[in-house]
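Student: Could you take me through one part of this model closely, the place where protein and DNA meet, and then show me how the protein chains come together?

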There are 2 protein chains.
Amino acid sequence: MIARSELKKELINAGIRPSVQRLAIYEYVKSHHTHPTADVVYDALRDVLGSLSLTTVYNTLKLFVDAGLVQLLTIDDTFRCFDGDTTSHAHFRCDSCGRIVDLKIKSDFLAMVDGLGGFEIKEAQLYLKGICPICKRKN
Amino acid sequence: MIARSELKKELINAGIRPSVQRLAIYEYVKSHHTHPTADVVYDALRDVLGSLSLTTVYNTLKLFVDAGLVQLLTIDDTFRCFDGDTTSHAHFRCDSCGRIVDLKIKSDFLAMVDGLGGFEIKEAQLYLKGICPICKRKN
DNA sequence: TTTTATATTTGCAATGATTTCAGAAATGAA
DNA sequence: TTCATTTCTGAAATCATTGCAAATATAAAA
C-alpha cells in the first residue's frame, strides 16, 4: 500500500491536479490489482466519497492512461479495464471465470519481435487466454 | 491466394456448412491481410453477393473465431477487427494513421512468460502501439 | 475576505458497435 | 414434393462509453 501523500505527489508530478475524486480513483487502481473496469471503480467509491459520477470515473481514468500513470487493458473484447501497475508484465484472462491475472515476463516484449526498424513503440501488451489453474482443478 | 475449393474444405473440416455468404466472408478474411472490421467486410461483399446482412457478417465472423479459423483482434479499443492469418505473429497499431501491421516473432510468445504452470493457454496476442515508419517520416 | 476566472464534477442524453430476435429464405432428407 | 432444420435478414434492443451544458469547487487577484 502506497501512502496517500505519495500518490498525491505522483499526480502533481504528472501535471494533474489532485482533486478528491482523482486521488480516490488513483488510490483505488494503485492499491487494487484486480484490473477493475470503470464501473467497478465507480461502485466501490460512490459510497466512500459523498457522491461520484460515472462520467468522472471514465474521464479520470482516461486522464491517467494518457499521462502514463495507468494501463488500459483490452484483453476482454467486451469492456476495458485498468491496471495501476505500469511495469512491464503480461496478462492472462480466464475464459471460465473471467479473472485477469498478472504474469511476470523474462525479458522485454520487444526482444522477441522482428523487423521493428523504423517503428516507434510506445506501448506493448501481451495477452494470454485460456483456463486458469483454479478453474482447471474444478473440472 | 488460396483456391475457393480449398477454403470450402477448411470450413467443412471445421464443421461449418459452406453457405454462399460464409464462403465469401471466409475468402475475404483469408485473402485480405488488412485486419478488417465486420463493417469493412460487409461493405466489400454486399455488392459482390446479391444481398448481405451486417448481422450475418457479425455472426459468421464469430463462428469462424470460435472455430479457430480466424483471429479476433482487440488492439484498438474502439472496435474489433479480424485476421485470417492464425499463425503466431504480433500486431502493431499506428497511433497516427490507425493502420494495423503484422510483425514476425522470433519464437513462441509463451517462451517469455514466467509461472505458467497450471494454466491452459488457448490464445496469445502481442500488441504493440506507437508510430509507424511511414507516419514517422511524414513528421 | 470578496470577486473573478478557471478547472473539475455531475447527470442525463446521445452515440455507435454489437447482439437479439422473430420471421423469411434456403437447404437437405425422406 | 413435403417436411424439418439450418441459415439469413432487417429492425429493434443493448450497453459500454462519450458529449454536453449546467453546477460546483478551487485558485488567484483585488
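Tutor: Happy to. A good place to start is Arg22(B), where a side-chain N or O atom is 2.8 Å from a phosphate oxygen of DNA strand D. Please keep in mind that this is a predicted model. The backbone takes part as well: an N or O atom of the main chain of Ser53(B) lies 3.1 Å from a phosphate oxygen of DNA strand D. Thr55(B) addresses a base instead, with a polar side-chain atom 3.1 Å from a base nitrogen of DNA strand D. Two or more residues of the surface near this strand come from each of α2 (20-31) and α4 (54-66) of chain B, and likewise from α4 (54-67) of chain A.

Stepping back, 15 residues surround DNA strand D, and the closest are Tyr58(A) together with Arg17(B), Ser19(B), Arg22(B) and Thr56(B). By class, this surface has eight polar, four charged and three nonpolar residues. Looking from the DNA side, sugar or phosphate accounts for 82% of the atoms of strand D within 4 Å of the protein, and bases account for the rest.

Now to the protein chains. Chain A brings 40 residues to the contact and chain B brings 41. Between them they bury about 3,600 Å², with 61% of that on carbon and sulfur atoms. On the chain B side, the residues that lose the most area to chain A are Met112(B), Phe119(B) and Lys129(B), which together make up 19% of what that side buries.

Lys129(B) also has a charged partner: it forms a salt bridge with Glu123(A), where the closest N and O atoms are 3.9 Å apart. Across the interface of the two chains there are four salt bridges, and 17 residue pairs are in polar contact, counting pairs with both residues at pLDDT 80 or more. The side of chain B that touches chain A draws at least two residues from each of β3 (90-94), β4 (100-103), β5 (120-131) and α5 (133-138) of chain B. The largest share, twelve residues, comes from β5(B). Sorted by class, that side of chain B has 21 nonpolar, twelve charged and eight polar residues.

The strand β5(B) is also worth following across to the other chain. Strand β5 (residues 120-131) of chain A is joined to β5(B) by eleven bridges, and the two run antiparallel. If you would like one pair to locate on screen, pick Ile121(A), whose bridge partner in β5(B) is Gly130(B).

Definitions and conventions
Residues numbered from 1 in each chain as written. Chains lettered and ligands numbered in written order. Predicted model: local features only at pLDDT ≥ 70, side-chain atom pairs only at ≥ 80, totals over all residues. Heavy atoms only, no water. Contact = heavy atoms within 4.5 Å. Buried area = accessible area lost by both parts, 1.4 Å probe. Salt bridge = Lys/Arg side-chain N within 4 Å of Asp/Glu carboxyl O. Polar contact = N/O pair within 3.5 Å; in protein donor to acceptor, adjacent residues only side chain to side chain. Helix = DSSP H or I, 4+ residues; strand = E, 2+ residues; numbered from the N terminus. Nonpolar A, V, L, I, M, F, W, Y, C, P; charged D, E, K, R; others polar. Pairing = 2+ DSSP bridges. Near = heavy atom within 4 Å.
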